[in-house]
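Ready for a few short exercises? Have a look at the structure, then work through each solution step by step.

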Amino acid sequence: MAVNEIMLPAQSVRVAGEYDVVVCGGGPAGVGAAIAAGRLGRRVLLIEMQSRLGGLMAAVPYFCDSPGGPIFDELIERLLELDAAHLRVDRERFHPPGRYAIGPHAAAAILLEMVRGAGVELLLGTVAESAWLDDGAAAGVLVVNKAGRSLVRARVVIDCTADADIAASAGTPFRQGDPDDGRIQHGNFRWSVKGIDSDSLPSADRLEALCREAVAGGAIRMPDAVYGFDPACFPFRHGSLVLGGWELLHVDPTDPVQTTEALVQCQLAGLQILRFLRERVAGCAECRMESPGTFAPRESRRIEGLYTVTGADVLAGAKFEDGVAPAWFYTDLHDPPPGPAHTWDYILANQPPPGDWYEIPYRCLVPVEPPGLLVAGRCISAERLAHGSLRIMPTCIFLGQAAGTAAARAVEAGVRPHELDGAALKAELLADWRPPVYPSTDA
Ligand SMILES: Cc1cc2nc3c(=O)[nH]c(=O)nc-3n(C[C@H](O)[C@H](O)[C@H](O)COP(=O)(O)OP(=O)(O)OC[C@H]3O[C@@H](n4cnc5c(N)ncnc54)[C@H](O)[C@@H]3O)c2cc1C
């Protein structure tokens with residue numbers, strides 16, 4: 001044992017419930033999984049550490065153009081009814097049906113309605129701490145919330161934490177970052193300033209000079225992790241102030257110290273910039289901070305599963321006997337140089353052939369160990385390049401739906417998820433699936 005570790009005394013833990021399926025994480029994948037398993041009549045618990053569902057939907061309220069499956073389609077239908085989704089069609093650049101901008105607050109509430117409607121029990125404000133293993137198989141999850149620490153038992157556990165927290169705790173091997181140099185894609189610091197009178201702003205040259213002055217005088221300090229700016233004139237870039245969000249380099253979402261330091265520096269820089277704007281910049285005297293800022297990571301752990309979907313699979317439009325989630329978004333990697341520039345040529349060359357798609361095999365959701373565990377969302381078994389394509393929200397919802405359906409069918413049949421017939425699962429999930437088409441009238 002390392003010198004900085006201590007042994008805790010053995011503790012008894014309260015058993016808070018027994019379920020067929022426990023889903024950890026209520027983002028796109030988690031809600032897809034919980035709704036699917038609940039609708040198949042299973043007793044399901046969904047655990048979410050925040051106070052709302054939707055995961056990164058709150059920070060990034062756009063659904064990229066990829067097929068999303070029946071639960072995704074239903075979510076869109078309910079959002080459209082409330083005028084809370086708007087489709088942007090660009091037949092040259094976006095796959096069908098186009099990209100949706102969504103109202104994240106309406107989406108979070110609709111997801112609650114769908115989860116409750118599926119008979120799923122929900123624990124918000126609850127961290128899924130680690131897997132509980134019984135005889136080498138995942139048999140529940142230790143959770144922590146205001147009532148303390150407890151155990152929820154489950155016949156199948158689904159890890160939708162985006163970071164594979166539960167799989168990592170259960171000993172599932174995982175990869176992280178680029179296999180050659182370990183780099184991880186930029187995360188984003190999302191924040192915004194409102195109330196700027198853009199007609200009264202100084203010229204670009206003057207803005208740049210003001211920023212340089214503020215940085216030199218110590219009034220603004222660029223956070224260490226912010227990428228792509230000249231630190232001497234932060235937050236001025238490409239002719240204007242960048243106040244909508246910054247890309248962050250080398251911030252590992254599974255490292256709490258690193259993440260905290262990046263968040264603290266970005267939030268304090270936001271405050272400095274707000275004061276600078278109000279005091280020094282014409283047109284900004286009444287501006288205000290709209291949100292305190294959140295960290296939105298793109299990349300984290302990727303588990304090792306029974307199959308690893310590859311970049312070559314994406315480009316070839318590969319199909320599989322157990323291909324449960326079709327997708328066609330390009331391999332969108334946000335890397336510093338020598339990472340790809342997001343030119344139109346790169347996008348076209350890094351997606352399935354025109355009109356075609358690839359399928360993500362069920363085996364990518366099944367960790368090599370332990371039995372009893374499934375993983376859905378951006379942390380499934382994928383090469384980094386394929387991950388760049390499948391991490392978008394419609395695909396994560398579809399992956400969640402596949403995991404929830406598999407969990408329900410495994411419980412019903414009295415087998416472990418890895419023993420399921422992947423081809424039968426595919427037939428069930430894709431029975432009514434047709435590739436989406438553009439709407440008859442473009443938005
Ligand atoms: C900057 C940025 C821009 C993006 N732009 C787009 C876009 O335009 N369109 C698009 O479709 N996709 C976009 N994406 C990708 C997409 O948002 C994510 O890849 C997707 O949300 C992943 O879904 P998920 O369910 O795996 O994880 P998440 O959305 O991260 O959800 C995970 C959920 O699990 C919860 N959780 C985590 N750990 C625990 C735990 N231990 N216990 C309990 N709860 C836990 C979290 O609170 C969260 O609610 C973007 C991503 C980023 C970072």
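**Exercise 1.** Which helix or strand gives the most to the shell around the ligand?

Solution. Before starting, note that the model is predicted: local features need pLDDT of at least 70, side-chain atom pairs count only at pLDDT 80 or more, and totals for chains, interfaces and linings use all residues. Numbering runs from 1 along each chain as its sequence is written.

- Start with the elements that each supply at least two shell residues: helix H1 (28-39), S3, strand S7 (127-134), strand S11 (187-194) and helix H10 (393-413). Helices (H or I, at least four residues) and strands (E, at least two) are DSSP runs, numbered from the N terminus.
- H1 comes out on top, with three residues.

**Exercise 2.** Find the residues that come nearest to the ligand.

Solution.

- There are 34 residues around the ligand (C-beta atom, placed from the backbone, within 6 Å).
- Of these, Gly25, Gly27, Gly55, Ala162 and Gly377 come nearest.
- Now check the domains, whose bounds come from an automatic or database domain assignment: domain 1 (14-180 + 300-429) and domain 2 (187-296) each lend the shell at least three residues.

**Exercise 3.** Work out why S3 and S4 each have one side without a neighbour in the sheet.

Solution.

- Lay out the open sheet: its three strands run in the order S3-S5-S4, with antiparallel pairing. Two strands pair if DSSP finds at least two bridges between them.
- Strand S3 (62-63) and strand S4 (85-88) are at the edges and have a single partner strand each, so one side of each has no neighbour there.
- Zoom in on S3 and strand S5 (residues 99-102), an antiparallel pair with two bridges. Here Phe63 has Tyr100 in S5 as its bridge partner.
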